[in-house]
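User: Please take a close look at the cysteines of this model and at their surroundings. I would like a connected account that also places them within the fold as a whole.

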Amino acid sequence: MGRIVLNRDKCKACYLCMDACPNKVLETDKEVNALGYYPVKVNEEKTCVGCAICARVCPDIAIEKVYR
């Protein structure tokens, strides 16, 4: 089905993707990005089903779906 790739330096930490993820595989990173925000990261990549709901709700286009 695919997987998601996060561009941590585009993330402005709105966390809409975390709320939208049906499997709750996203979490807040512990280090700031280039913009000074704590971006989102994938905490359990193996449980991500690649639905890309997170990418659809991201206002900063910081998440994309890639096919394996």
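**The cysteines and their setting in the fold**

Analyst: The model is predicted, and its fold is the natural starting point. The chain contains two helices and four strands, and their order from the N terminus onward is β-α-β-β-α-β. For a chain of 68 residues, a compact globule would be expected to have a radius of gyration near 11 Å, and the value of 11 Å found here agrees with that. Along the principal axes, the C-alpha atoms occupy a box of roughly 35 × 20 × 20 Å. Of the contacts with a separation of 6 or more, 59% are between residues 24 or more positions apart. Buried residues account for 28% of the 68 residues.

Now to the cysteines. How many disulfides does the structure hold? The number is zero. Cysteine 11 takes part in no disulfide, and the nearest cysteine sulfur, that of cysteine 17, lies 6.2 Å away. Because a disulfide requires two cysteine sulfur atoms within 2.5 Å, the 6.2 Å between the sulfurs of cysteine 11 and cysteine 17 does not qualify. Cysteine 58 is likewise in no disulfide; for this residue the nearest cysteine sulfur belongs to cysteine 14, at 6.0 Å.

Are these residues buried or exposed? Cysteine 11 has a relative accessibility of 12% and therefore counts as buried. Cysteine 58, at 15% relative accessibility, also counts as buried. The cut-off behind both assignments is a relative accessible area under 20%.

Cysteine 54 belongs to helix 2, which spans residues 53-57. With a relative accessible area of 6%, cysteine 54 is buried. When residues up to four places away in sequence are set aside, cysteine 54 touches Ile4, Cys17, Leu26 and Ile63. Cys17, one of these contacts of cysteine 54, is also the residue whose sulfur is the nearest cysteine sulfur to cysteine 11. By contrast, the C-alpha atoms of cysteine 54 and valine 32, which are 22 residues apart along the chain, are separated by 20 Å.

The loop between strand 1 (3-6) and helix 1 (16-20) deserves attention next. Alanine 13 is found in this loop and, although not a glycine, has a positive phi of about 60°. Its relative accessible area of 19% makes alanine 13 buried. Tyrosine 15 lies in the loop between strand 1 and helix 1 as well, and this residue, again not a glycine, has a positive phi of about 65°. Tyrosine 15 is partly exposed, at 26% relative accessibility.

From tyrosine 15 the path leads to strand 2, residues 26-28, where threonine 28 is found. Beyond its neighbours within four places in sequence, threonine 28 is in contact with Tyr15, Met18, Tyr38, Pro39 and Lys41. Threonine 28 and valine 40 are 12 residues apart in sequence, yet their C-alpha atoms are 4.6 Å apart in space. At 30% relative accessibility, threonine 28 counts as partly exposed.

Finally, the surface and the charges complete the setting. The chain exposes about 4400 Å², of which carbon and sulfur atoms supply 52%. There are 11 positive and 9 negative side chains, and the centres of the two sets lie 5 Å apart.

Technical notes
Residues are numbered from 1 along each chain as its sequence is written. This is a predicted model: local features need pLDDT of at least 70, side-chain atom pairs count only at pLDDT 80 or more; totals for chains, interfaces and linings use all residues. Side-chain values use heavy atoms; hydrogens and water are left out. Buried means under 20% relative accessible area, exposed over 50%, partly exposed in between (1.4 Å probe, protein chains only). The radius of gyration is taken over C-alpha atoms; the globule rule is 2.2 Å times the number of residues to the power 0.38. Contact means heavy atoms within 4.5 Å. Accessible areas come from the Shrake-Rupley method with a 1.4 Å probe; for residues, only the protein chains shown count as cover. Lys and Arg count as positive and Asp and Glu as negative; His and the chain ends are not counted. The place of a charge is taken as NZ of Lys, CZ of Arg, CG of Asp or CD of Glu.
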